[in-house]
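Student: Could you take me through a close look at the place where the two parts of this chain come together, and at what lies around it?

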Amino acid sequence: MLVKTGNDTREISSVWMENSDIVMIDQRLLPEKLEFFRATNTDELCFAIREMVVRGAPAIGVAAAFGIAQAKMQHKDLRDVAEKIKSQRPTAHDLFYAVDECVAEIEKGSAPEKVARDYCNRIVEECRKIGEVGEKLIFHGSRVLTHCNAGALATVDWGTALAPLRMAKRKGRNFFVFVDETRPRLQGARLTAWELGNEGIEHAVIADNAAGYYMARGDVDIVITGADRITANGDFANKIGTYEKAVVAKENGLPFYVAAPLSTFDFNLKNGRQIKVEMRGEEEVHLIDGTRITPETSRALNPAFDITPARYVTGFITAFGIFRPSQIFALKEKWRCRKC
Ligand code: MRU
């Protein structure tokens with residue numbers, strides 16, 4: 001992804017491996033500071049996943065893949081490490097998919113670092129292809145709405161929902177993006193806006209509860225989000241607030257697309273009711289920039305994701321084409337043989 005710092009523009013990934021360290025952009029600090037977090041062992045990696053130094057389903061998966069390789073290089077028990085890494089966040093399927101695949105490959109005798117790097121390269125390549133497939137939905141003058149951050153930060157490079165936007169911009173199209181701020185952790189306001197700014201894509205951050213206003217006024221042409229887990233019937237989990245955006249989009253006759261790599265599909269689950277939704281700490285709702293905004297006596301509830309039923313999805317943008325929810329079984333073969 002392009003990152004502008006002062007007069008300098010450079011290409012960086014959000015996660016990579018350096019010797020046996022896993023290096024990540026510290027996403028907790030953006031956009032104020034661009035700093036890097038170095039996980040030198042499994043405990044540090046688990047901290048990074050749990051505390052959202054690294055976040056976004058595919059990026060968590062890649063960090064976990066490097067974590068498995070690192071554990072093998074440090075002669076740890078792979079099965080123990082796998083369980084520990086998988087227990088950090090329950091909803092994103094990529095975390096489980098990446099860990100299981102890398103453990104299986106390494107147990108077959110493949111070189112640990114190569115296994116993890118191949119996994120990472122595959123995710124990046126899938127995201128680039130999502131961009132190629134999805135850019136056809138973005139026209140000169142399109143008005144796009146997105147929720148949370150499904151950009152390069154969340155996927156190592158390109159993004160899922162943001163990949164079609166990056167690709168369309170690079171093809172010379174100009175369009176406008178409504179960026180939901182995405183309470184409570186503000187991934188839209190802090191991360192998506194930062195990425196779009198770096199790419200020179202025109203955008204405005206809106207309060208989450210302004211999305212319906214703009215959709216009802218006819219100011220939005222298309223909604224694109226990412227996903228954390230997509231079940232066999234096309235229901236999907238994504239950042240809290242996605243469900244209501246999908247319902248309002250349908251009410252207003254707007255297309256609602258979900259962009260994701262194969263690693264986000266979970267064909268073992270029949271429907272969204274089977275997805276485990278992560279509940280995060282109350283302080284994420286109570287505090288803004290460390291200042292409490294709620295009465296001391298109030299409790300807060302903080303589900304990190306919600307489930308959107310398949311009937312609200314116009315199509316899934318994948319590296320293999322755009323699929324209606326009823327067609328995603330066609331991806332199952334590719335998913336099973338993984339590296340095919
Ligand atoms: O809690 P987060 O920030 O990890 O949640 C991320 C999302 O919900 C993203 O939309 C999703 O992972 C898709 S990322 C390509």
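Tutor: What follows describes the contact between the domains, then one helix, then the nonpolar cores.

This is a predicted model, in which local features need pLDDT of at least 70 and side-chain atom pairs count only at pLDDT 80 or more, while totals for chains, interfaces and linings use all residues. Residues are numbered from 1 along each chain as its sequence is written, and side-chain values use heavy atoms, with hydrogens and water left out.

The chain is divided into domain 1 (2-126) and domain 2 (131-336), with bounds that come from an automatic or database domain assignment. The C-alpha centres of these domains lie 22 Å apart, and their contact (heavy atoms within 4.5 Å) takes 35 residues from domain 1 and 39 residues from domain 2. The area buried between them is about 3,200 Å², with 52% given by carbon and sulfur atoms; buried area here is the accessible area (1.4 Å probe) that two parts lose on being put together, summed over both. On the domain 1 side, Thr91, His93 and Glu126 lose the most area to domain 2, together 22% of what that side buries. Across this interface the rule finds 1 salt bridge, the term meaning a side-chain nitrogen of Lys or Arg within 4 Å of a carboxyl oxygen of Asp or Glu.

His93 is also among the buried residues of helix H4, where buried means under 20% relative accessible area, exposed over 50% and partly exposed in between (1.4 Å probe, protein chains only). Helices (H or I, at least four residues) are DSSP runs numbered from the N terminus, and H4 covers residues 93-107, reaching 21 Å from its first C-alpha to its last, close to the 21 Å expected at 1.5 Å a residue, an expectation defined as 1.5 Å times one less than the number of residues. H4 is mostly covered, with 11 of its 15 residues buried, and the glycine that follows the helix, glycine 109, has a positive phi near 110°.

The largest nonpolar core has 90 residues, and those with the most contacts inside it include Val15, Met24 and Phe265; such a core is a set of buried Ala, Val, Leu, Ile, Met, Phe, Trp, Tyr and Cys residues joined through side-chain atoms within 4.5 Å. Helix H2 (residues 57-73) gives the most to this core, with 10 residues, and the core draws at least three residues from each of domain 1 and domain 2. A second, separate core of 9 residues includes Val3, Ile12, Leu30 and Ala152.

Terms used
Helices (H or I, at least four residues) and strands (E, at least two) are DSSP runs, numbered from the N terminus.
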